[in-house]
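Colleague: I'm new to this one, so could you walk me through it and show me how each label is earned?
Modeller: Gladly! Let's look at it together.

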Amino acid sequence: MTFGRRLKTLRQEKGLTQAQFGACFNLAESTISLYETGKRTPHYDLLKRFALFFNITIDYLLGHTDERYPASFFGEGGETYVHTSQDKPVQLPVVQNITWAKHHIDYEYKAGYQEWVSSSAVRDGRYYWLQVGDSRLSGDGILPGDLLLIREQSFLDSGNIGVIMFENEHYFVLKVFKEADVLILQASDPAFPPVVLTGKECAKVKILGQAVQLRRHIILNH
């Protein structure tokens, strides 16, 4: 498959028009059309940004392979930390729900349940474990029941996965992309279309934290 056909297919899978997709990268609708018809090819830096947006490899985007997804951004089985003599295991609470209650964030903890983590992994901020409740990021290898180590913070760099709250209603764990005055809340499961916000709409989003480590939930068959 050519780059243009693959780009068009990926864009349509996300439910985006050429204009909406172009706005994510400050590109005109006509430029996206030229890419998709093969009349123009983007420079390498833009190819990297496209690949990050779709959570795919550049080789897949260019049609060089049918291996769609890169390795999970957490690595195999979650991040690995080098333990030193100063490392000590610590326990953190597990959050199973987050709500907006009278102008503040309310965390619902899993009663009597905590999860261990290396002290070196949590020395630079306030952390908690969040139990994943849906399949929105299944394409990133994050499945229902898994635990995500969350660093509490009110910002995310574009392309990172974090906990967000939209219009003070529900929390979601999504990949966040920012380009100029456009904010995209992106799942990696095609069943969940992206949410594209522009201008003042971006203020409806509260960023609660960034995912920094994955702890796989394993179901044992007896």
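## How the labels are earned

Modeller: Let's start with phenylalanine 50, which, leaving aside its neighbours within four places in sequence, is in contact with Phe3, Leu7, Phe21, Phe25, Leu27, Tyr35, Pro42 and Leu61. Please keep in mind that this is a predicted model.

Colleague: What makes the pair of phenylalanine 21 and phenylalanine 50 tilted?
Modeller: Their ring centres lie 5.2 Å apart and the planes meet at 45 degrees. Rings pair if the centres are within 6.5 Å, and an angle that is neither under 30 degrees nor over 60 counts as tilted, so this pair earns the name.

Colleague: Where in the chain do these two partners sit?
Modeller: Phenylalanine 21 belongs to helix α2 (residues 18-23) and phenylalanine 50 to helix α4 (residues 44-54). They are 29 residues apart, and the pair links distant parts of the chain. Both phenylalanine 21 and phenylalanine 50 are buried.

Colleague: Why is the pair of phenylalanine 21 and phenylalanine 53 called edge-to-face?
Modeller: Here the planes are 65 degrees apart, with 5.6 Å from centre to centre. The cut-off for edge-to-face is over 60 degrees, so the label follows. This pair also links α2 with α4, across 32 residues, and both phenylalanine 21 and phenylalanine 53 are buried.

Colleague: How many aromatic pairs does a search of the whole structure find?
Modeller: There are 8. Ring pairs link Phe21, Phe25, Tyr35, Phe50, Phe53 and Phe177 into a cluster.

Colleague: Which residues touch the most other members of the largest nonpolar core?
Modeller: Leu7, Phe21, Phe50, Phe53 and Leu61 do, in a core of 22 residues. The elements giving two or more residues to this core are α1, α3, α4, α5 and β7 (182-186), and the largest share, 6 residues, comes from α4. A second, separate core has 17 residues, including Val95, Ile150, Ala211 and Leu214.

Colleague: How do you know that the buried residues of α1 line one face of the helix?
Modeller: In helix α1 (residues 3-13), the buried residues are Phe3, Gly4, Arg6, Leu7, Leu10 and Arg11. Looking down the axis of α1, these buried residues fall within an arc of 165 degrees, so they line one face. Their cover includes α2, α3 (29-36), α4 and α5 (58-61). Just after α1, glycine 15 has a positive phi of about 75 degrees.

Colleague: And what makes you say that the buried residues of α3 line one face?
Modeller: The buried residues there are Thr31, Ile32, Tyr35 and Glu36. Down the axis of α3, they fall within an arc of 135 degrees, so one face is again the conclusion. What covers them includes α1, α2 and α4. After α3 comes glycine 38, with a positive phi near 80 degrees.

Colleague: Why does glutamine 18 count as buried?
Modeller: Its relative accessibility is 18%, and buried means under 20%, so glutamine 18 qualifies. Glutamine 18 lies in helix α2. Its side chain makes a polar contact of 2.8 Å with the side chain of glutamate 36. Beyond four places in sequence, glutamine 18 touches Arg11, Glu29, Ile32, Ser33 and Glu36.

Colleague: Why is lysine 175 called buried?
Modeller: The relative accessible area of lysine 175 is 7%, which is under the 20% limit, so the word applies. Lysine 175 is found in strand β6 (residues 170-179).

Colleague: What makes the 3.4 Å between the side chains of lysine 175 and aspartate 140 a polar contact?
Modeller: The distance limit for such a contact is 3.5 Å, and 3.4 Å falls within it. Aspartate 140 is also among the residues that lysine 175 touches, as are Leu52, Asn55 and Gln186.

Colleague: How do you know that the charged end of lysine 110 sits over the ring of tyrosine 113?
Modeller: The charged end is 4.7 Å from the ring centre, and the distance limit is 6 Å. The direction must also be within 35 degrees of the ring normal. Lysine 206 lies over the face of tryptophan 100, at 4.5 Å from the ring centre.

Colleague: How many helices and strands are in the chain?
Modeller: There are 5 helices and 9 strands. Of the 222 residues of the chain, 42% count as buried.

Methods: Residues numbered from 1 in each chain as written. Predicted model: local features only at pLDDT ≥ 70, side-chain atom pairs only at ≥ 80, totals over all residues. Heavy atoms only, no water. Phe/Tyr/Trp six-rings, centres within 6.5 Å; stacked < 30°, edge-to-face > 60°. Helix = DSSP H or I, 4+ residues; strand = E, 2+ residues; numbered from the N terminus. Buried < 20%, exposed > 50% of the residue type's maximum accessible area, 1.4 Å probe, protein only. Polar contact = N/O pair within 3.5 Å; in protein donor to acceptor, adjacent residues only side chain to side chain. Contact = heavy atoms within 4.5 Å. Arc of directions from axis to C-beta. Core = buried A, V, L, I, M, F, W, Y, C linked by side-chain atoms within 4.5 Å.
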